[in-house]
Amino acid sequence: MLYEAIKKLVQYGIHTGLTPECERIYTVNLLLELFGESEYKDIPCDLSHIVLEDVLTELLEEACQRGIIEDNIVYRDLFDTRLMNTLMPRPTQIQEQFWSKYKESPKAASDYYYKLSQDSDYIRRYRICKDMKWTVGTKYGILDITINLSKPEKDPKAIAAERNAKASSYPKCLLCMENEGYAGRTNHPARENHRIIPITINNSVWGFQYSPYVYYNEHCIVLNGEHVPMKIERQTFRKLFDFVKLFPHYFLGSNADLPIVGGSILSHDHFQGGNYTFAMAKAPVMYTFKVNGYEDITAGIVKWPLSVIRLQGEDENRIIELADHILHVWRDYTDEEAFVFSETNGQPHNTITPIARMHGDLYELDLTLRNNITTEEHPLGVYHPHAKLHHIKKENIGLIEVMGLAVLPSRLKDEMELLKHYILDKKEIRNHETLEKHADWVENFLPCYPEVNPENIDDILKQEIGKVFCQVLEDAGVFKCTEAGIESFKRFIHVL
């Protein structure tokens, strides 16, 4: 019943601290207005255990029945965000609370803000928990594997509505500051329950927020206050370390700034970070070296499938200077023997994916060398997942994957479930239209297992998917982690 659901939602807001007790009546009235109601009855109900997803579902059903919204996932998401906004403090209140907590410690501030981002349903806990996650051991360390299931699939009506929606340039993209509090539309998600923390890095205004699709613990996004394109340059390293100094318990990294090896949104300068230690950060240095003029900075080649230079030092300014030097040398570097070309036909190919963090009292910066050259054999990129691996992973290798976390497409969940039965029943995989692309892969790994049964098939598939992701990362490495590849890497080191 509407009144009971409204009462529960308001109580949820009070219980989580989103809504003060003194605003109980005010919040009830905001919700009544959304449903076109002028009456309210305080109905007795159990408030001891409130499940947000259940309460929102009840309110959304009521909205559909009353004709307030159409019954599909797009309009439901737009409306439940409006519902949650009635519980939310104004941005200035959240900012004041954040910086008050920051006086205790940076971690106290981020803990407060992360909890708020979840309690507000900006991060939808009940969807995130649907993601499949596991780990796999490799010679490079333990890699994280995820199949992303938290983004709901749109039905045909919703897709049609999005296609027919009026074009708009406000907000310019999903990362613009103008998203804070934006009601959304069929082709742009609602952000009424979204709050951004303004911060200053590199003497300019930036925003600190969390990703609504948290792929790892406290997955945050740091975005430029202006809608300007991504660019890897000297000031990039300054911005990374300015943030790490503000939040020393977080790492921060940037996608590369070229297509194929870059991120999904190159039009807005932004970084991703969080409170998580990836396999890449744990990977050891297998070859150390010094660069003339920067003897105070420890440098080395990391044992990792991609080509990574790690810099460590007590002075972040010196690391920034060396990183800028390496970037400029790499931009112009060509080694035909290693199939590294700085440009072809005027198109630049070399760039860097950088990641900054604190390592004890030392500043640490990983520089991942990237190259986006294509060939007839590899039209999607030479240093990109090769075609034989596309049945598992075809998408670009961005910052998160570079560090050792696979974000795999949702289609794999159903495909692996079906594939499991085909393997156990010894059916011909090549005869199935959807599974055919997995046939070579299965025929290759299956003989390695003396016994395959219902008890171990799930683990086998997970481990083999993890091995494919490891190969994906090796494909993305410019200098391979082989004897010949390391020698090629050292040739680059020697010209620094």
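Helix α13 passes helix α15 in a right-handed crossing (a crossing is right-handed if the near helix is turned clockwise from the far one by less than a right angle, and left-handed if anticlockwise). Helices here are DSSP runs of H or I with at least four residues, strands are runs of E with at least two, and both are numbered from the N terminus. The model is a predicted one, where local features need pLDDT of at least 70 and side-chain atom pairs count only at pLDDT 80 or more, while totals for chains, interfaces and linings use all residues. Residues are numbered from 1 along each chain as its sequence is written, and side-chain values use heavy atoms, with hydrogens and water left out.

Back to that first pair. α13 covers residues 411-424 and α15 covers residues 457-476; their axes come within 10 Å and cross at roughly 120°. Axes are lines fitted to C-alpha atoms, for helices over the stretch in contact, and angles run from 0 to 180 degrees between N-to-C directions. α13 and α15 are therefore oblique to each other (angles under 35 degrees count as roughly parallel, over 145 as roughly antiparallel, 65 to 115 as roughly perpendicular, and the rest as oblique). On the α13 side, Met416, Leu419, Lys420, Ile423 and Leu424 do the touching, and they meet Ile457, Asp458, Leu461 and Ile465 of α15; contact means heavy atoms within 4.5 Å. Sorted by class, this contact of α13 with α15 has seven nonpolar, no polar and two charged residues. In that sorting, Ala, Val, Leu, Ile, Met, Phe, Trp, Tyr, Cys and Pro count as nonpolar, Asp, Glu, Lys and Arg as charged, and the others, Gly among them, as polar.

α15 also meets a sheet: it lies across β1, β2 and β15, running at about 65° to β1. Those three strands make an open sheet in the order β1-β2-β15, with mixed pairing. Two strands pair if DSSP finds at least two bridges between them. In general, strands of a sheet pair through backbone hydrogen bonds, either parallel or antiparallel. The edges of this sheet are β1 (132-138) and β15 (405-408), each of which pairs on one side only. Neighbouring strands are turned by 20° against each other on average, direction ignored. Strand β2 (residues 141-147) runs parallel to β15, and four bridges join the two. Ile147 stands opposite Leu408 in β15.

The other sheet described here is an open one of 10 strands, with antiparallel pairing and the order β3-β4-β5-β7-β6-β13-β14-β10-β9-β8. Its edge strands, β3 (197-201) and β8 (285-289), each pair on one side only. From one strand to the next, the twist averages 25°. Partway along the sheet, strand β6 (residues 251-253) runs antiparallel to β7, and the two are joined by three bridges. Leu252 stands opposite Gly273 in β7. Helix α5 lies across β3 and β4, at about 55° to β3. Helix α16 (residues 483-494) packs on the sheet too, touching β8, β9 (298-302), β10 (307-313) and β14 (362-371), and its direction makes about 45° with that of β10.

α5 (residues 91-104) has a helix partner as well: it packs with α6 (residues 106-119) at an angle of about 145°, with the axes 5 Å apart. The residues involved include Phe98 and Tyr102 in α5, and Tyr112 and Tyr113 in α6. By class, the contact of α5 with α6 has nine nonpolar, two polar and two charged residues.

Near the start of the numbering, helix α1 (residues 2-16) packs with helix α2 (residues 24-34) at an angle of about 135°, with the axes 10 Å apart. α1 and α2 are therefore oblique to each other, and α1 passes α2 in a right-handed crossing. Tyr3, Ile6, Leu9, Val10, Gln11 and Ile14 of α1 make the contact with Arg24, Thr27, Val28, Leu31 and Leu32 of α2. The class count for α1 with α2 is eight nonpolar, two polar and one charged.

As for rings, a search of the whole structure finds 36 aromatic pairs. Trp206 and Phe271 form a stacked one, at 5.2 Å centre to centre with 5° between the planes. (Rings of Phe, Tyr and Trp, its six-membered ring, pair if their centres lie within 6.5 Å; planes under 30 degrees apart count as stacked, over 60 as edge-to-face and the rest as tilted.) This pair links distant parts of the chain, with Trp206 in strand β4 (residues 204-210) and Phe271 in strand β7 (residues 270-274), 65 residues apart.
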